[in-house]
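Trainee: Hi, I've just opened this one and I'm new to it. Could you walk me through it?

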Amino acid sequence: FSAVLLFHLTQKLLDDKTAIWATLFFMISPMNIHFSRTFMPTSMLVCCSIASIYYFSEWIDKEKWSFFFASALSTTLAVLIKPTSLHLGLPLLYLALRKYKISTFSQWRIGLFALLVLMPSFAWYYHARQLFLETHLTFGIWAGGYSKFGNPTYWLNPSFYKVIVLRIVNHILTLPGLVLATIGFFLRVEKRNYVAFWWGLAFAIDIFIVAEGHQTHDYYQMPLVPVLSIYAGQGMNYLWGKDLLKDSFLSHMLTTKSVLVILFILMSIAGLLQTREYLQFDPKRLEFGQRIEQLTEADSLVIIGGWRKGSQLQVEYPPCDPIDFYISHRKG
């Protein structure tokens with residue numbers, strides 16, 4: 001469904017051919033291949049993010065309430081899955097400003113949209129806060145758990161930026177995709193619709209603010225996959241119509257299109273090979289879970305002590321890892 005939405009969004013923003021390439025890049029991204037198969041809300045977050053922008057763009061153009069509510073629902077779900085999805089407000093604001101200019105801030109429907117997104121989100125996270133006060137179980141946003149926010153220690157550390165860049169190159173685009181996305185980024189958009197730019201800028205701010213989370217967890221960068229896929233699609237579509245090998249000694253053997261097809265195939269192979277890095281697990285951890293299963297009855301409730309993910313996490317309530325419960329087929 002994400003791929004279908006991305007196709008229609010790119011088709012609307014750019015053109016049919018770019019939409020096809022963008023969708024193909026999205027589907028072969030190593031990060032997308034892996035995390036769309038995992039029991040995590042990450043791929044649903046990506047889907048909701050694309051739907052948020054696509055349906056909002058449709059509403060801006062056609063002013064149908066069905067598109068309005070579809071975008072509001074998608075945006076709300078994205079924020080409920082991860083509160084930092086509020087960064088979607090920047091590309092949505094860009095779309096609104098394109099149409100309403102400065103009067104955007106006096107449009108009652110824009111205010112209604114904001115209320116529909118923020119009120120359920122505030123209620124949900126307030127509820128989560130109350131659960132924390134009662135049970136002390138939390139991943140932590142403002143308190144409890146461990147902080148995922150950035151600070152000068154991260155912002156001034158070159159290794160932080162190195163980690164993010166390497167993930168973008170190796171886990172999202174692959175090296176050939178990086179070249180195509182770079183070309184696409186610097187192309188002038190014919191329709192002057194720079195949604196992808198503001199979407200990408202909003203996510204870059206997200207990375208900066210939630211620096212610890214992004215450095216620790218690679219799946220935090222998943223919402224960047226559709227943005228970079230659009231740029232890679234732009235680069236591919238631009239080169240597809242060029243005769244780059246004209247007057248070269250290879251011109252009688254290869255065409256630009258054949259080279260690009262070979263490049264795309266190599267990217268697909270690289271993507272599949274890259275996903276093998278994700279499929280690693282600790283055999284001792286697996287053995288530990290299986291041993292719990294052998295030693296306990298099927299309906300046993302198991303207590304697993306507080307587990308620290310490293311000495312740097314000096315927190316009052318250490319995060320609890322559900323993996324041991326999952327492997328042992330037991331509940332806590």
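Mentor: Sure, let's start with the overall picture and then go into the pockets, the cavities and the core. Keep in mind that this is a predicted model.

Trainee: OK. How many helices and strands are there in the chain?

Mentor: The chain has 15 helices and zero strands.

Trainee: And what percentage of the 332 residues is buried?

Mentor: Buried residues come to 43% of the 332 in the chain. On the outside, about 18,800 Å² is exposed, and carbon and sulfur atoms supply 67% of that.

Trainee: What about contacts along the sequence, how many join residues at least 24 apart?

Mentor: Taking contacts between residues at least 6 apart in sequence, 76% join residues at least 24 apart.

Trainee: Let's go inside. Which residues touch the most other members in the largest nonpolar core?

Mentor: That core has 67 residues, and the ones touching the most other members are Phe25, Ile53, Phe56, Trp59, Ile172 and Trp199. Helix α4, residues 42-62, supplies the largest share of the core, with 12 residues.

Trainee: Pick Ile53. What is Ile53 in contact with, leaving aside neighbours within four places in sequence?

Mentor: Ile53 is in contact with Leu9, Leu88, Pro91, Leu92, Leu95, Val195 and Trp199. Trp199 is also on that list of core residues touching the most other members.

Trainee: New topic: pockets. What is the volume of the second largest pocket?

Mentor: The second largest pocket has a volume of about 610 Å³. Its lining is made of 23 residues, and those nearest its centre are Ile168, Gly200, Ala204, Leu224 and Leu228.

Trainee: Which elements give two or more residues to that lining?

Mentor: Those are α9 (158-185), α10 (195-209) and α12 (225-240). Of the elements, α9 gives the most to the lining of this pocket, with 11 residues.

Trainee: How do the residues of that lining divide into nonpolar, polar and charged?

Mentor: The lining of the second largest pocket has 21 nonpolar residues, two polar and no charged.

Trainee: And closed spaces? How many cavities of 30 Å³ or more does the structure hold?

Mentor: The structure holds two cavities of 30 Å³ or more. The largest cavity has a volume of about 60 Å³, and the second largest has about 50 Å³ of space.

Trainee: What lines the largest cavity?

Mentor: Its lining is Phe25, Ile28, Ser29, Pro30, Ile172, Leu173, Thr174, Ser229 and Met267. Two or more of the lining residues come from each of α2 (16-28) and α9, and α9 gives the most, with three residues. By class, the lining has six nonpolar, three polar and no charged residues.

Trainee: I remember Phe25 and Ile172 from the core.

Mentor: Right, Phe25 and Ile172 are among the core residues that touch the most other members.

Trainee: Which residues line the second largest cavity?

Mentor: Its lining is Leu45, Lys82, Thr84, Ser85, His87, Phe203, Asp206, His214, Tyr220 and Pro223. Those residues divide into four nonpolar, four polar and two charged.

Trainee: One last residue: where is Phe288 found?

Mentor: Phe288 sits in helix α14, residues 283-295.

Trainee: Why isn't Phe288 called buried?

Mentor: Because its relative accessible area is 41%, and buried means under 20%. Phe288 therefore counts as partly exposed.

Trainee: And how far is Phe288 from Asp324?

Mentor: Their C-alpha atoms are separated by 7.6 Å, although the two residues are 36 apart along the chain.

Technical notes:
Residues are numbered from 1 along each chain as its sequence is written. This is a predicted model: local features need pLDDT of at least 70, side-chain atom pairs count only at pLDDT 80 or more; totals for chains, interfaces and linings use all residues. Side-chain values use heavy atoms; hydrogens and water are left out. On a 1 Å grid over the protein atoms alone, a cavity is a set of points where a 1.4 Å probe fits but cannot get out, and a pocket is an open set with protein on both sides within 12 Å along at least five of seven lines; lining residues have an atom within 4 Å of a point. Grid points are joined across faces, edges and corners, and a volume is the space filled by probe spheres set on the points. Helices (H or I, at least four residues) and strands (E, at least two) are DSSP runs, numbered from the N terminus. Ala, Val, Leu, Ile, Met, Phe, Trp, Tyr, Cys and Pro count as nonpolar, Asp, Glu, Lys and Arg as charged, and the others, Gly among them, as polar. A nonpolar core is a set of buried Ala, Val, Leu, Ile, Met, Phe, Trp, Tyr and Cys residues joined through side-chain atoms within 4.5 Å. Buried means under 20% relative accessible area, exposed over 50%, partly exposed in between (1.4 Å probe, protein chains only). Contact means heavy atoms within 4.5 Å. Accessible areas come from the Shrake-Rupley method with a 1.4 Å probe; for residues, only the protein chains shown count as cover.
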